[in-house]
Amino acid sequence: MFLVAGGIGVLAVAVSAILGPKKPSRTKLMPYESGNDPEGSARERFPVHFYLVAMLFIVFDIETAFFYPLAVAYKKLGVFAFWEALTFVILVLVGYFYILKKGVLEWR
């Protein structure tokens with residue numbers, strides 16, 4: 001298994017070296033996809049808005065991973081699975097409404 005994983009990693013690096021850009025320019029080497037010059041300093045603090053959205057995304061991401069086993073065992077769980085999934089969706093929506101009410105998604 002480790003040989004397969006290592007082989008995939010080596011293959012990915014080799015393919016990117018073969019198919020990657022041959023003449024890198026200043027714009028291509030910039031860390032931003034847009035090609036714009038970075039603004040501000042790397043020492044700036046992130047606003048709290050960023051952390052609220054990030055935490056909500058992580059909660060959603062982790063809970064979504066639990067939908068797969070729920071879907072696999074849906075027939076065995078019956079109505080319980082439906083109410084569990086509905087409860088999850090409602091809780092995530094409550095979180096989204098909370099950050100909307102706080103104005104977190106209004107980036108200044």
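This passage describes the helices of a predicted model and the way in which two of them pack together.

The protein contains 5 helices and 0 strands, and its elements, read along the sequence, follow the pattern α-α-α-α-α. Of its 108 residues, 10% count as buried, while the accessible surface comes to about 9900 Å², with 70% of that area belonging to carbon and sulfur atoms. Among the contacts in the protein with a separation of 6 or more, 55% are accounted for by residues that lie 24 or more positions apart.

Two packed helices are described by the angle between their axes and the distance between the axes. Helix 2, which covers residues 48–65, and helix 5, which covers residues 79–102, pack at an angle of about 170 degrees, and their axes are 11 Å apart. Because angles over 145 degrees count as roughly antiparallel, helix 2 is described as roughly antiparallel to helix 5. On the side of helix 2, the residues that take part in this packing are Leu-52, Val-53, Leu-56, Phe-60, Glu-63 and Thr-64, and they meet Phe-88, Val-92, Gly-95, Tyr-96 and Ile-99 in helix 5. By character, the residues of this contact between helix 2 and helix 5 divide into 8 nonpolar, 2 polar and 1 charged.

The length of helix 5 can be compared with the value expected for its number of residues. At 1.5 Å a residue, its 24 residues should span 34 Å, and the end C-alpha atoms of helix 5 are 35 Å apart, which agrees with that expectation. The buried residues of helix 5 are Ala-81, Ala-85, Phe-88, Val-92, Gly-95 and Ile-99. An α-helix has 3.6 residues a turn, so residues three or four places apart point the same way. The buried residues of helix 5 pack against helix 2, and also against helix 3 (67–72) and helix 4 (74–77). Phe-88, Val-92, Gly-95 and Ile-99, which are among these buried residues, also belong to the set in helix 5 that is met by residues of helix 2. Helix 5 is followed by Gly-103, a residue whose phi is positive, near 80 degrees.

A further residue of helix 2 is Phe-50. Phe-50 has a relative accessible area of 36%, and is therefore partly exposed. Although Phe-50 and Leu-105 are 55 residues apart along the chain, their C-alpha atoms are separated by 8.9 Å.

Notes. Residues are numbered from 1 along each chain as its sequence is written. This is a predicted model: local features need pLDDT of at least 70, side-chain atom pairs count only at pLDDT 80 or more; totals for chains, interfaces and linings use all residues. Side-chain values use heavy atoms; hydrogens and water are left out. Axes are lines fitted to C-alpha atoms, for helices over the stretch in contact, and angles run from 0 to 180 degrees between N-to-C directions. Helices (H or I, at least four residues) and strands (E, at least two) are DSSP runs, numbered from the N terminus. Angles under 35 degrees count as roughly parallel, over 145 as roughly antiparallel, 65 to 115 as roughly perpendicular and the rest as oblique. Contact means heavy atoms within 4.5 Å. Ala, Val, Leu, Ile, Met, Phe, Trp, Tyr, Cys and Pro count as nonpolar, Asp, Glu, Lys and Arg as charged, and the others, Gly among them, as polar. Buried means under 20% relative accessible area, exposed over 50%, partly exposed in between (1.4 Å probe, protein chains only). Accessible areas come from the Shrake-Rupley method with a 1.4 Å probe; for residues, only the protein chains shown count as cover. The expected span of a helix is 1.5 Å times one less than its number of residues.
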